[in-house]
Amino acid sequence: MFYENDAGVRFANARGFTEVRAEQESAIDPRLVSDEPPDGFDIRRVADVDPHLVHAVDEAATRDIPATEQIDAIPYDEWVAHVLEHPLFTADGSFVAIADGVGAAVSLLLVDRETGRALNMFTGTLAAYRGRGFGGAVKLASIRWAAANGITSMATTNDETNAPMLAINRRLGYRPLGRRVEYLRSDLP
Ligand SMILES: CC(C)(COP(=O)(O)OP(=O)(O)OC[C@H]1O[C@@H](n2cnc3c(N)ncnc32)[C@H](O)[C@@H]1OP(=O)(O)O)[C@@H](O)C(=O)NCCC(=O)NCCS
C-alpha cells in the first residue's frame, strides 16, 4: 500500500503489480465542526466501559470493511495489544454507543498530542443497528473531544467503495486529500 504518486505507480507496474483497491484519505479541523450531539444515543468514553463491549462491536464490524483479505476473528488479547496498547490510542477520545446492553457502534481515535494531530483508527456499527445514525454519532463524539483537546487536524482513510462511511465523512465536513492504493501481484505464492 502506498499514497498514489506517479513514481510509485511506475515502480509497482514495472514489477507486475496492479491496483486492486483504493482508499480515500480525508481530513478535518475538528474545531470547525459545529454539529451538536444528536439526541437519543447513550454514548460513553471507551475509558469508562468494559473493554469487552468495545472489542465485540469492533470485531463484528471490522469483518464488513471492504478489504482484499477476509478477517475471520480478532481474539480479545490480540485486540488489546493492537488497540488499547497502541501508543497513540486514546480511550478518552474514543467512544462507544450502548444500545440494548451491547456496544452498538464504536469510534476509535489515535492522537499525537505533541503535533495536535489525530487519526480515526476505526468506526463501526453492528449490522443490526446500521442506518440509524449510530456511526455518525460516535464519530462526532470523537471530533468534539478532539476540538476540546487541542487537536487541529483529524485524518481518516476509507475504501473508495464504502458509501456509508464516506457519506458520514462528507456530512461532518472531512475534505478529500489523496488516494492510498493497494497493489497486488497475483502470480506470487
Ligand atoms: C460505515 C458504518 C460505520 C456506518 O454506520 P451507521 O451506523 O450505519 O452510520 P449512520 O447511520 O450514522 O450513517 C450512515 C450514512 O450513510 C448513508 N448511506 C447508507 N448507505 C448508503 C449508500 N449505499 N450510499 C450512500 N450513502 C449511504 C446514510 O444516508 C447516512 O448518511 P448521513 O450521515 O448523511 O445521514 C457501518 O456501515 C459499518 O460498520 N460498516 C463496516 C465497518 C466499516 O466499513 N467501517 C469504516 C471503515 S474504517
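A residue is counted as near a molecule or strand if its C-beta atom, placed from the backbone, lies within 6 Å of that molecule or strand. The model is predicted, so local features need pLDDT of at least 70 and side-chain atom pairs count only at pLDDT 80 or more, while totals for chains, interfaces and linings use all residues. Residues are numbered from 1 along each chain as its sequence is written.

**Exercise 1.** Describe the residues around the ligand, and say which elements they come from.

*Solution.* Begin with the shell itself: there are 23 residues around the ligand, and Thr125, Arg130, Gly135, Gly136 and Ala163 come nearest. Next, find the elements (helices, H or I, of at least four residues and strands, E, of at least two, are DSSP runs numbered from the N terminus): β6 (117–125), α4 (134–148) and α5 (163–172) each give two or more residues to the shell. Of these, α5 gives the most, with 6 residues. Finally, sort the shell by class, which yields 10 nonpolar, 9 polar and 4 charged residues, where Ala, Val, Leu, Ile, Met, Phe, Trp, Tyr, Cys and Pro count as nonpolar, Asp, Glu, Lys and Arg as charged, and the others, Gly among them, as polar.

**Exercise 2.** Work out how many helices and strands the protein chain has, and in what pattern they follow one another.

*Solution.* Counting gives 5 helices and 8 strands in the protein chain. Reading along the sequence then gives the pattern β-α-β-β-α-α-β-β-β-α-β-α-β.

**Exercise 3.** Find the dimensions of the box that the C-alpha atoms of the protein chain fill.

*Solution.* Taken along the principal axes, the box is roughly 50 × 35 × 30 Å.
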